[in-house]
Amino acid sequence: MIYLLLSITGNALLFIILKYFERFRIHTLQAIVVNYFTALALGLLHNHSASGIQDIFHLPGLWVAFMLGTLFIIIFLLLAKTAQEIGVSVATVANKMSVVIPVCIAILFYHNSFGPLKITGILLALVAVVLTSKKESSAATGAIPARSLVLLPLVVFIGSGTIDALLNYSQEKLVARSDSSLFIATCFAVAAVIGLTTLLIRYFIRREKFEFKSLLGGIALGIPNYYSTYYLLEALHSKTLESSVLYPLNNLGIVVVCAVSAYLLFREKLSAINLAGIFLSLVAIALIAFS
């Protein structure tokens with residue numbers, strides 16, 4: 001359970017730090033690229049298996065690592081845009097409602113158990129996520145045109161669910177627990193290379209200079225980014241909870257922590273519906289935990 005709590009903490013910090021990027025005018029793409037190099041370094045430092053960086057191309061599931069790395073940076077950029085332009089809570093719900101994708105796959109293909117309590121808990125979890133993150137229409141302001149407000153969270157939803165499903169698949173079928181750090185480092189390396197290539201193209205075409213505060217912001221982002229993923233894999237490997245239980249608990253915890261943090265730090269108001277969602281999430285957690 002401690003791995004789950006650490007993953008929730010790391011994920012919540014990601015949303016909060018992304019919101020602060022807007023306040024301190026930190027270049028999001030530059031910081032996200034630095035974030036992946038930071039996470040890559042941490043992954044290599046934490047690698048205690050017999051395999052080293054020279055063995056990356058012989059790592060089982062290398063193709064999954066490449067897919068994950070590509071999705072990491074694309075969805076992270078869209079997630080940052082959602083958090084900054086629409087709000088932390090909306091970004092959270094778009095990201096965390098995607099729990100239905102890995103949960104359904106775990107039940108259908110990995111033979112996770114399911115019964116009335118778990119099904120009820122998962123359905124309540126989805127309702128709780130929506131209620132906790134529901135904002136008044138006036139909150140949807142910013143530079144993004146109104147029609148894009150629906151499309152952006154939808155893409156984040158599908159992409160985030162695919163990432164979670166691929167992580168679960170890699171843990172179930174491909175990657176030994178001892179190789180978790182190296183596998184994560186490989187994913188981050190792919191994301192870092194894609195991001196760096198994009199920055200170089202923007203430099204040569206637009207003469208866009210690198211800002212020092214992007215370095216600081218990227219390091220601050222990379223630390224919780226690495227540990228949130230690492231501890232999620234550790235929680236999956238521990239087998240304390242089935243993945244169909246773990247993902248809803250993880251996502252619900254992140255939504256609640258982000259909703260409360262958004263209120264305390266950014267004065268994003270919690271309506272009666274939001275509070276009802278938080279209460280409902282606690283009920284859902286209890287149902288899933290005792291199923």
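Biologist: What share of the contacts in the chain with a separation of 6 or more comes from residues 24 or more positions apart?
Modeller: The model is a predicted one. Among contacts with a separation of 6 or more, those between residues 24 or more positions apart account for 92%.

Biologist: How many helices and how many strands does the chain hold?
Modeller: Read along the sequence, the pattern is α-α-α-α-α-α-α-α-α-α-α. The count for the chain is therefore 11 helices and 0 strands.

Biologist: What percentage of the residues in the chain is buried?
Modeller: A residue counts as buried when its relative accessible area is under 20%. The chain has 291 residues, and the buried share of them is 54%.

Biologist: Are α2 and α8 roughly parallel or roughly antiparallel to each other?
Modeller: Helix α2 covers residues 28-45 and helix α8 covers residues 180-206, and their axes lie 8 Å apart. The two pack at an angle of about 150°, and angles over 145 degrees count as roughly antiparallel. The arrangement of α2 and α8 is therefore roughly antiparallel.

Biologist: Is the crossing of α2 and α8 left-handed or right-handed?
Modeller: The crossing concerns helix α2 and helix α8, which pack with their axes 8 Å apart. Its hand is left-handed.

Biologist: How do the residues of the contact of α2 with α8 divide into nonpolar, polar and charged?
Modeller: On the α2 side the contact includes Leu29, Val33, Tyr36, Phe37 and Leu40. On the α8 side it includes Leu182, Phe188, Leu196, Leu199 and Arg202. By class, the residues of this contact are 15 nonpolar, 5 polar and 1 charged.

Biologist: Is the aromatic pair of Tyr36 and Phe72 stacked or edge-to-face?
Modeller: The structure holds 13 aromatic pairs. In the pair of Tyr36 and Phe72, the ring centres are 6.4 Å apart and the planes differ by 5°. Planes under 30 degrees apart count as stacked, so the pair of Tyr36 and Phe72 is stacked.

Biologist: Which helices does the pair of Tyr36 and Phe72 link?
Modeller: Tyr36 is buried, with a relative accessible area of 1%, and Phe72 is also buried, at 9%. The two residues are 36 residues apart, and their pair links distant parts of the chain. The helices that hold them are α2 for Tyr36 and α3 for Phe72.

Biologist: What is the angle between the planes of Tyr230 and Tyr231?
Modeller: Tyr230 is buried at 15% relative accessibility, and Tyr231 is buried at 19%. Their rings form an edge-to-face pair, with 5.2 Å from centre to centre. The angle between the planes is 70°.

Biologist: Which residues form the aromatic cluster that holds Tyr36 and Tyr230?
Modeller: Phe72 and Tyr231, the partners of Tyr36 and Tyr230 in the pairs above, belong to the cluster as well. The full membership is Tyr3, Tyr36, Phe72, Phe76, Phe188, Tyr226, Tyr227, Tyr230 and Tyr231.

Biologist: Which residues are in contact with Asn225, leaving aside its neighbours within four places in sequence?
Modeller: Asn225 lies in helix α9, residues 212-238. With a relative accessible area of 6%, Asn225 is buried. Beyond its neighbours within four places in sequence, the contacts of Asn225 are Leu14, Asn35, Tyr36, Phe76 and Phe188.

Biologist: How far apart in space are Ala65 and Val190, C-alpha to C-alpha?
Modeller: Ala65 is placed in helix α3, residues 62-85, and is buried, with a relative accessible area of 0%. Leaving aside neighbours within four places in sequence, Ala65 is in contact with Phe183, Thr186, Cys187 and Val190. Although Ala65 and Val190 are 125 residues apart in sequence, their C-alpha to C-alpha distance is 7.8 Å.

Biologist: Is Arg25 buried or exposed?
Modeller: Arg25 is in the loop between α1 and α2, and has a positive phi of about 55° although it is not a glycine. Its relative accessible area is 69%, and a value over 50% counts as exposed. Arg25 is therefore exposed.

Biologist: Where is Arg207 found?
Modeller: Arg207, a residue other than glycine, has a positive phi near 60°. Arg207 is exposed, with a relative accessible area of 54%. Its place is the loop between α8 and α9.

Note on methods: Residues are numbered from 1 along each chain as its sequence is written. This is a predicted model: local features need pLDDT of at least 70, side-chain atom pairs count only at pLDDT 80 or more; totals for chains, interfaces and linings use all residues. Side-chain values use heavy atoms; hydrogens and water are left out. Axes are lines fitted to C-alpha atoms, for helices over the stretch in contact, and angles run from 0 to 180 degrees between N-to-C directions. Helices (H or I, at least four residues) and strands (E, at least two) are DSSP runs, numbered from the N terminus. Angles under 35 degrees count as roughly parallel, over 145 as roughly antiparallel, 65 to 115 as roughly perpendicular and the rest as oblique. A crossing is left-handed if the near helix is turned anticlockwise from the far one by less than a right angle, and right-handed if clockwise. Contact means heavy atoms within 4.5 Å. Ala, Val, Leu, Ile, Met, Phe, Trp, Tyr, Cys and Pro count as nonpolar, Asp, Glu, Lys and Arg as charged, and the others, Gly among them, as polar. Buried means under 20% relative accessible area, exposed over 50%, partly exposed in between (1.4 Å probe, protein chains only). Rings of Phe, Tyr and Trp (its six-membered ring) pair if their centres lie within 6.5 Å; planes under 30 degrees apart count as stacked, over 60 as edge-to-face and the rest as tilted.
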